[in-house]
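User: Please go through the packing of this model with me, one question at a time.

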Amino acid sequence: MMTAHAYPGITPNALDVDVTDDVDRLYTDGITARKGAFTTAWADEMREDIETAFEEARSRQDGAVGRGPNRYYVEIHPEQMRGFVDLVDHPWVRSVATAVLGPEYKIVELGFDIPFAGAVNQPWHRDFPSPEETRTEKRLTSLAFNLTGVDTGEDMGPFEVALGTQFETGEDFKHEMFPARETFGRYEERAVRKYPQRGDISARSALTIHRGTINHSQASRPVLVLGMDGPEADNAEQHDLAVTRGYWEALPERVRAHLDCPVVDELTPITQKHTIEGLVMGDA
């Protein structure tokens, strides 16, 4: 029997791999991970694609959005990542998404964050207001999968997450996303820093309070973001994924089933609109 937190009707037998413990961690800590899901060579190729996409995005207006000093976010199309199918069709990714969000989960976001040298502490935040289902039913309706492009060191501004905060209603947060500065102490008490290595993948609720920290190194720390929604969620409205007809036709059917986006003759570069008000100020 699957954990009580799993999507109704989902059992381990319905999944590619048993992710019972991962579902439990998502509901208790707000984050889980699979070490070594991909090879380091695969992760290096992913970073190459991120760097190429970043250079293109920075060459045009609103191609990249600031997430604080020396920190950027860029959304991309699936075709800009050579390993897209490897990622979304990975047995662990499919199983976690199905177990938490149900068999009709949708891929709604593909992008990346890059903190460069000089990036500062972000304010504690969540990525969007808590939806009704989460506030009243304590049910997760979306997930964010993250993959690092580098082996994360202590001096590189590691991701910091306040465990178990995904079910705070946030009704008293600014924009329902930013806790008041005078409450930061309790998030610091719960905070755990993450040091993923190339090939690792994590899954988290983007409602779990988190922040990027100061990058003391001279290296950038690119992180891929894959966003998924359950049937009730509406995060797709904040994103502009699209694929060309030839790419769509070449995708495996079980990937197409979860990719709810326009099929176009020609891709249009994405103008970033998933801004997170307040992060541009950093912790200053």
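The questions below deal with cores, a helix, a sheet and aromatic rings.

Analyst: This is a predicted model, in which local features need pLDDT of at least 70 and side-chain atom pairs count only at pLDDT 80 or more, while totals for chains, interfaces and linings use all residues. Residues are numbered from 1 along each chain as its sequence is written, and side-chain values use heavy atoms, with hydrogens and water left out.

User: Which helix gives the largest share of the largest nonpolar core?

Analyst: A nonpolar core is a set of buried Ala, Val, Leu, Ile, Met, Phe, Trp, Tyr and Cys residues joined through side-chain atoms within 4.5 Å; buried means under 20% relative accessible area with a 1.4 Å probe, protein chains only. The largest such core has 51 residues, and Met-81, Leu-87 and Leu-226 are among those with the most contacts inside it. Its largest share is seven residues, and these come from helix 4 (residues 91-101).

User: On which side or sides of helix 1 do its buried residues lie?

Analyst: Helices (H or I, at least four residues) and strands (E, at least two) are DSSP runs, numbered from the N terminus. In helix 1 (residues 20-28), the buried residues are Thr-20, Asp-22, Val-23, Leu-26 and Tyr-27. Taking the directions from the helix axis to the C-beta atoms, they cover an arc of only 165 degrees, so they lie on the same side of helix 1.

User: What is the bridge partner of Ala-162 in strand 7?

Analyst: Two strands pair if DSSP finds at least two bridges between them. Strand 6 (residues 159-162) and strand 7 pair in the antiparallel sense over three bridges, within an open sheet of three strands in the order 7-6-9. In strand 7, the partner of Ala-162 is Ala-191.

User: Is the pair of Trp-124 and Tyr-187 stacked, edge-to-face or tilted?

Analyst: Rings of Phe, Tyr and Trp (its six-membered ring) pair if their centres lie within 6.5 Å; planes under 30 degrees apart count as stacked, over 60 as edge-to-face and the rest as tilted. Trp-124 is in the loop between strand 4 (106-115) and helix 5 (132-137), and Tyr-187 is in helix 6 (residues 184-190), 63 residues apart. Here the ring centres are 6.3 Å apart and the planes are at 35 degrees, so the pair is tilted.

User: What is the relative accessible area of Trp-124?

Analyst: Trp-124 belongs to another core, of six residues, which also includes Phe-173, Phe-184 and Ile-209. Trp-124 is buried, and its relative accessible area is 0%.

Methods: Buried means under 20% relative accessible area, exposed over 50%, partly exposed in between (1.4 Å probe, protein chains only).
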